[in-house]
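User: Hi! I have a structure open and would like to learn how to read its features. Could you walk me through it?

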Amino acid sequence: MSTIPATAARTAEFISLSHLNPSTELEPIATRGIDVPYFRRYVQALEEGGYDYTLLPYGSGSADSFVVASAVGQLTEHLKPIVALRPNTTHPLVGAQKLATLDQLTEGRAVVHLISGGSDAEQARHGDYLSKDQRYARTSEYLDLLRRAWHGKEPFSHDGEFYRFDEFGPGFAPYGDTIPISIGGSSDEAFQVGGEKADVFSFWGEPLADIRSQIERVHAIARAAGRTTLPRIWVTFRPIVAETEELAWQKAFDHVTKIERTYQSGAFQLGRNKDAPQNVGSQRLLDFAAKGDVYDRALWTRTAAATNAGGASTALVGTPETVAAAILDYIDLGADLISIRGY
């Protein structure tokens with residue numbers, strides 16, 4: 001999949017998410033551990049399948065994304081590990097050091113996705129009680145410090161809103177020129193920080209017209225900030241594919257029935273998301289689901305409704321040709337990175 005031509009003028013790269021064990025929304029398994037043989041097979045399958053990146057998610061009860069990313073780096077030769085990092089969990093200078101170490105060990109493959117935090121309750125589980133706007137302000141300061149720690153040639157001190165230190169540096173350098181920094185979200189604060197500073201801006205799968213307006217918005221903020229290189233755009237989907245359209249839709253409805261059963265029983269992580277979501281991205285997905293099930297060529301919102309929009313949850317349904325064409329629609333709008341993972 002690496003840099004597959006999308007049109008005569010554009011290329012796309014592909015992302016998936018690495019799973020640590022075989023538990024899924026469809027068939028939950030009562031485990032919180034790492035199935036090492038399964039994980040090894042999983043990331044090697046991504047490598048062999050031609051994926052460019054894999055996201056290592058982070059939560060208060062999950063495995064540590066830095067350690068898992070390091071394992072991915074050693075189990076593969078080309079797959080780029082994306083570390084999901086919450087600024088409240090790691091001091092920015094230590095985060096810079098960890099990421100640069102990962103980048104050195106993987107010979108330039110490290111990427112970081114900064115998560116400001118969309119749920120007050122989840123943030124509080126690790127002792128973070130800042131408001132949402134404060135969390136994005138902290139992310140902005142954090143991002144600046146990551147880059148200065150990587151690239152600064154002389155020691156520097158800092159006395160900011162969230163971090164203070166004296167005479168740090170020079171820090172441990174990345175393998176190459178820098179480490180790409182990704183930010184996602186749908187709030188005004190997310191757009192401002194991501195548009196002004198991020199290398200990559202991440203969206204969940206929304207209808208084409210809405211993604212178009214979102215991309216235009218983040219790029220307009222980037223231009224207003226004087227940027228000449230605009231953030232790359234990352235869009236995520238959960239494809240449901242079969243040999244015929246009829247079989248694909250049968251599979252989709254079977255999947256959503258199982259997902260609803262799993263969610264209602266609380267047998268999977270989804271059980272933690274029964275309250276109305278605080279983050280704007282989830283609210284938007286639920287609003288799309290309330291207005292219609294199917295959008296454009298293949299976008300299906302029932303999976304988002306079934307999970308209370310718990311993360312990236314909209315599907316693309318159809319034959320491989322239909323789903324590929326739907327992905328190309330988003331690439332034509334400006335998506336550079338396509339995240340696809342099934343159930």
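User: Happy to start with one residue: is Thr319 buried or exposed?

Analyst: Buried means under 20% relative accessible area, exposed over 50%, and partly exposed in between, with a 1.4 Å probe and protein chains only. Thr319 counts as buried because its relative accessibility is 8%. Please keep in mind that this is a predicted model: local features need pLDDT of at least 70, side-chain atom pairs count only at pLDDT 80 or more, and totals for chains, interfaces and linings use all residues. Residues are numbered from 1 along each chain as its sequence is written, and side-chain values use heavy atoms, leaving out hydrogens and water.

User: Where is Thr319 found?

Analyst: Helices (H or I, at least four residues) and strands (E, at least two) are DSSP runs numbered from the N terminus. Thr319 sits in the loop between β13 (315–318) and α11 (320–333). In total, the protein has 11 helices and 14 strands.

User: Which residues is Thr319 in contact with?

Analyst: Contact means heavy atoms within 4.5 Å. Leaving aside neighbours within four places in sequence, Thr319 touches Val241, Ala242, Glu243, Thr244, Glu245 and Ala248.

User: What share of contacts in the protein join residues at least 24 apart?

Analyst: Counting contacts between residues at least 6 apart in sequence, 70% join residues at least 24 apart.

User: And how much of the protein is buried?

Analyst: Buried residues make up 50% of the 343 residues. As for extent, the C-alpha trace spans about 65 × 45 × 40 Å along its principal axes.
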